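This report goes through one protein model from its overall build to its interior. Please keep the sequence and the structure in view while reading.

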Amino acid sequence: MRQILEISGPNGADSLSALMSALQEAAVAHALELHIDHDRMLEDFGCLWMIVRCRLCVTRFPNGRFFVRTWLRKPSAVVSIRDFSIYDEMGELGTAVQSWVLVDAAERRIISMKNIAPLWDLPTPAPERKEQPRRLVMPQELTERARWTVTPEEIDSNGHLNNVAYVRRAEALAPKGCTELSVMFDRECFVGQTLRLKSAPQGDGCFVCGIKEDGEESFRACFRGSNII
């Protein structure tokens, strides 16, 4: 089992959502490599991996072929932290960090990782990075910008809205050229549900959140950057 997995991304990426898709591909591939993938966790332990937070920062977007490296930190009872490095032939262009939890597949509640023995024997590089995705506090005044009904094509193997779809829809409301993303996934969304997308300016970027039909927040995101168009 490799501590660090490297995969090749597509030929270029011009958005944070495109890079999020590459991160997702790397995380899935590494989970398979470590034998802690979706099918194994569901079949052997009755649980699912769910991402709850992510922070992604780049200094530029790759024009050509790029690569993603990913690795895990030692888990805690509640959260597993996954790190990423993004680079091309010119060198590193960005980093990302994600927080993941395990959720009971039937009850959709967070469970303790202490009871999942394979997680505690996984290879992890040292020293570990210290950065962690931070909690996002949204401004009180947000303006509704769009409504979005979740389509079947946006659903993933967990049966809920895929994390990349959240970012893609939110990024459409952000200024072009943002190079930093912080996002929190608060509550699941399912096919056919409608989200009200609200936003507010934030420096050289903006906040975006999705409100479910019952009034609960589904996700919160903040976009920033130095390449604003």
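## Overall build

Two strands are said to pair if DSSP finds at least two bridges between them. By that rule, 10 strands of this predicted model form an open sheet with antiparallel pairing, in the order 1-3-4-5-2-7-10-9-8-6. Strand 1 (5-11) and strand 6 (143-149) each have a single partner strand and stand at the edges, so one side of each has no neighbour in the sheet. On average, neighbouring strands are turned by 20 degrees against each other, direction ignored.

The protein has 3 helices besides its 10 strands. Along the sequence, the pattern reads β-α-α-β-β-β-β-β-α-β-β-β-β. The radius of gyration is 17 Å, close to the 17 Å that the globule rule gives for 229 residues, so the protein is as compact as a globular protein of that length. The C-alpha trace spans about 45 × 45 × 30 Å along its principal axes. Of the 229 residues, 50% count as buried. Among contacts between residues at least 6 apart in sequence, 71% join residues at least 24 apart.

## Strands 2, 7, 10 and 9

Strand 2 (residues 47-58) pairs with strand 7 in the antiparallel sense over 5 bridges. The bridge partner of Cys57 in strand 7 is Glu180. Strand 7 (residues 180-185) is in turn joined to strand 10 by 6 bridges, and these two strands run antiparallel. Here Met184 has Arg220 of strand 10 as its bridge partner.

Strand 10 also pairs with strand 9 (residues 205-211), antiparallel and over 6 bridges. In that pairing Cys206 is matched with Phe223 of strand 10. The hairpin of strand 9 and strand 10 has 5 residues between the strands, and Gly215 in this hairpin takes a positive phi near 95 degrees. How many of the 8 residues of strand 10 are buried? For strand 10 (residues 217-224) the number is 6, so this strand is largely enclosed by the rest of the structure.

## The helices

Helix 1 covers residues 16-34, which is 19 residues. At 1.5 Å a residue it should span 27 Å, and its end C-alpha atoms are 27 Å apart, which agrees. The buried residues of helix 1 include Leu16, Leu19, Met20, Leu23, Ala27, His30 and Leu34. An α-helix has 3.6 residues a turn, so residues three or four places apart point the same way. Just after helix 1, His35 takes a positive phi of about 60 degrees.

## The nonpolar cores

Which residues touch the most other members of the largest nonpolar core? Among its 57 residues they are Ile36, Leu56, Leu102, Leu119, Leu181, Phe219 and Phe223. Helix 1 supplies the largest share of this core, 9 residues. Another core, of 7 residues, lies apart from it, with Leu136, Phe207, Cys209 and Ile211 among its members.

Leu181 can be followed further. Leaving aside neighbours within four places in sequence, Leu181 is in contact with Leu16, Met20, Cys54, Arg55, Leu56, Val167, Ala221, Cys222 and Phe223. Of these partners, Leu16 and Met20 are among the buried residues of helix 1, and Leu56 and Phe223 are among the core residues that touch the most other members.

Notes
Residues are numbered from 1 along each chain as its sequence is written. This is a predicted model: local features need pLDDT of at least 70, side-chain atom pairs count only at pLDDT 80 or more; totals for chains, interfaces and linings use all residues. Side-chain values use heavy atoms; hydrogens and water are left out. Helices (H or I, at least four residues) and strands (E, at least two) are DSSP runs, numbered from the N terminus. The expected span of a helix is 1.5 Å times one less than its number of residues. Buried means under 20% relative accessible area, exposed over 50%, partly exposed in between (1.4 Å probe, protein chains only). A nonpolar core is a set of buried Ala, Val, Leu, Ile, Met, Phe, Trp, Tyr and Cys residues joined through side-chain atoms within 4.5 Å. Contact means heavy atoms within 4.5 Å. Axes are lines fitted to C-alpha atoms, for helices over the stretch in contact, and angles run from 0 to 180 degrees between N-to-C directions. The radius of gyration is taken over C-alpha atoms; the globule rule is 2.2 Å times the number of residues to the power 0.38.
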